[in-house]
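Subject: Handover of a structure, with notes

Dear colleague,

I am passing on the structure below, followed by an account of what was found in it. Please read the notes with the coordinates open beside them.

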Amino acid sequence: MLTNNISSVHPSVFILMGIPGLEEYYFWIAFPFCFMYIIAVLGNCMLLFFITVEPSLHQPMYYFLSMLCVIDLTLSSTTTPKMLVILWFNSAEIYFEACITQMFFIHTFAALESTILLAMAFDRYVAICNPLRYAAILTPPVITKIGFVAFFRCVISTSPLIYLLKRLTFCKSSLIHHSYCEHMAVAKLACADITLNNLYGMVVALFVVVLDIILILLSYLHILRAVFLLTSRDARIKSIGTCGSHICAILIFYIPGILSTILYRFGNNMPLHIHILLVNCYMMTPPMVNPIVYGVKTKQIRNRVLKHFKGQCCSTSTIHGATNRKQ
């Protein structure tokens, strides 16, 4: 039975419904998400590999990019495998503690991605507005401290969500109309007042995401002012070009998230499966697209990748040539 009415404080198992309304298409819907997940894992792992082995990429910008890769790998791996199991094998059960853990990772690492995008905006600000002191300001110890502060900021912000859910009494159906455990989707199953959950969720969104967006915009206002003060047109284009990948990452992360939030709050007539599909795409698109954007638009990474594959091709040709000579 899918319904599970209980009288205990919380159920031992929740049922993730996946994408309600599209059950007959589950098998085929899973393939695009599986493809996106594979591209995300391969792309982010390749970026981490090239940044690690290439000394010329041991710079503040790429250290922050490494953090972004780890966040994207964690975020996509927290949601997609379980979603694929639901879609392909109809294994929808998830234990309460596992559900809470998944929810914590999703909200923490989504907030952490926003914070790292802010740190990358600060990196671009220093590089363009104060280039002579760039290496002196963004030293490896400073970058490490920024990473730890970002992590603890997000953990401290999202940890109360666990308490807010555990304090609730669940006596309604344990069916979660979603493909993963999201805070409010779980809270709505409670038979207690969830006003505090709703308010705290809004506070976290304002304190983390909205604040980050404002600070990113301020950073880019200073960057644009510094760029327009440059006398050379080529210098202006080059300066803006160094921000291109980061601007794309910002748009890819924030625009779908804002659109999803607006539709969730005001799209009362929108079918549930459309909203869930949009949210799933929002969770998967940044991890998949970020490595492609940085690989294509960042010259150092692009050259390192081409050099690697050309080296492999040359090695293969040499081996085949030696084999033919022996024959």
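A contact here means heavy atoms within 4.5 Å. On that footing, among contacts in the protein chain between residues at least 6 apart in sequence, 79% join residues at least 24 apart. Please keep in mind throughout that this is a predicted model.

The chain as a whole

The protein chain holds 11 helices and 3 strands, and, read along the sequence, these follow the pattern β-α-α-β-α-α-α-β-α-α-α-α-α-α. Of its 327 residues, 44% count as buried, while the accessible surface comes to about 17,100 Å², of which 70% belongs to carbon and sulfur atoms.

The sheet

The 3 strands form an open sheet in the order 2-1-3, with mixed pairing. Strand 2 (93-95) and strand 3 (175-176) stand at the edges, and because each has a single partner strand, one side of each is left without a neighbour in the sheet. Strand 1 (residues 13-16) pairs with strand 3 in the parallel sense over 2 bridges, and Leu16 stands opposite Ile176 in strand 3. Helix 3 (residues 96-129) packs on this sheet and touches strand 1, strand 2 and strand 3, its direction making about 85° with that of strand 2. The pairing of strand 1 with strand 2 is antiparallel and runs over 3 bridges, and here the bridge partner of Phe14 is Ile94.

In a regular strand the side chains alternate between the two faces of the sheet. For strand 1, Val13 and Ile15 lie on one side and Phe14 and Leu16 on the other, and as all four residues are buried, both faces of the strand are covered.

Helix 2

Helix 2 (residues 60-89) has 30 residues and reaches 43 Å from its first C-alpha to its last, close to the 44 Å expected at 1.5 Å a residue. Helix 2 nevertheless bends by about 30° at Ser77, and a proline, Pro81, follows within four residues. This helix is mostly covered, with 22 of its 30 residues buried, and it is followed by Asn90, whose phi is positive, near 55°.

Helix 5

How does the span of helix 5 (residues 140-166) compare with what its 27 residues should give at 1.5 Å a residue? The expected span is 39 Å and the end C-alpha atoms are 39 Å apart, so the two agree. Helix 5 also bends, by about 25° at Ile156, and a proline, Pro160, follows within four residues. Its buried residues include Ile143, Gly147, Ala150, Arg153, Cys154 and Ser157, and the buried residues of helix 5 pack against helix 2, helix 3, helix 6 (183-187) and helix 7 (195-228).

A position in helix 7

Val203 has its place in helix 7. Is Val203 buried, exposed or partly exposed? With a relative accessible area of 46%, Val203 is partly exposed, because that value lies between the 20% under which a residue is buried and the 50% over which a residue is exposed. Val203 and Ser157 are 46 residues apart in sequence and 9.2 Å apart in space, C-alpha to C-alpha, and Ser157 is itself one of the buried residues of helix 5.

With best regards

Key. Residues numbered from 1 in each chain as written. Predicted model: local features only at pLDDT ≥ 70, side-chain atom pairs only at ≥ 80, totals over all residues. Heavy atoms only, no water. Pairing = 2+ DSSP bridges. Axes fitted to C-alpha atoms, helices over the stretch in contact; angles between N-to-C directions. Buried < 20%, exposed > 50% of the residue type's maximum accessible area, 1.4 Å probe, protein only. Areas by Shrake-Rupley, 256 points an atom, 1.4 Å probe, with all protein chains shown as cover. Expected span 1.5 Å × (residues − 1). Bend = angle between axes of the 7 residues up to and from the residue.
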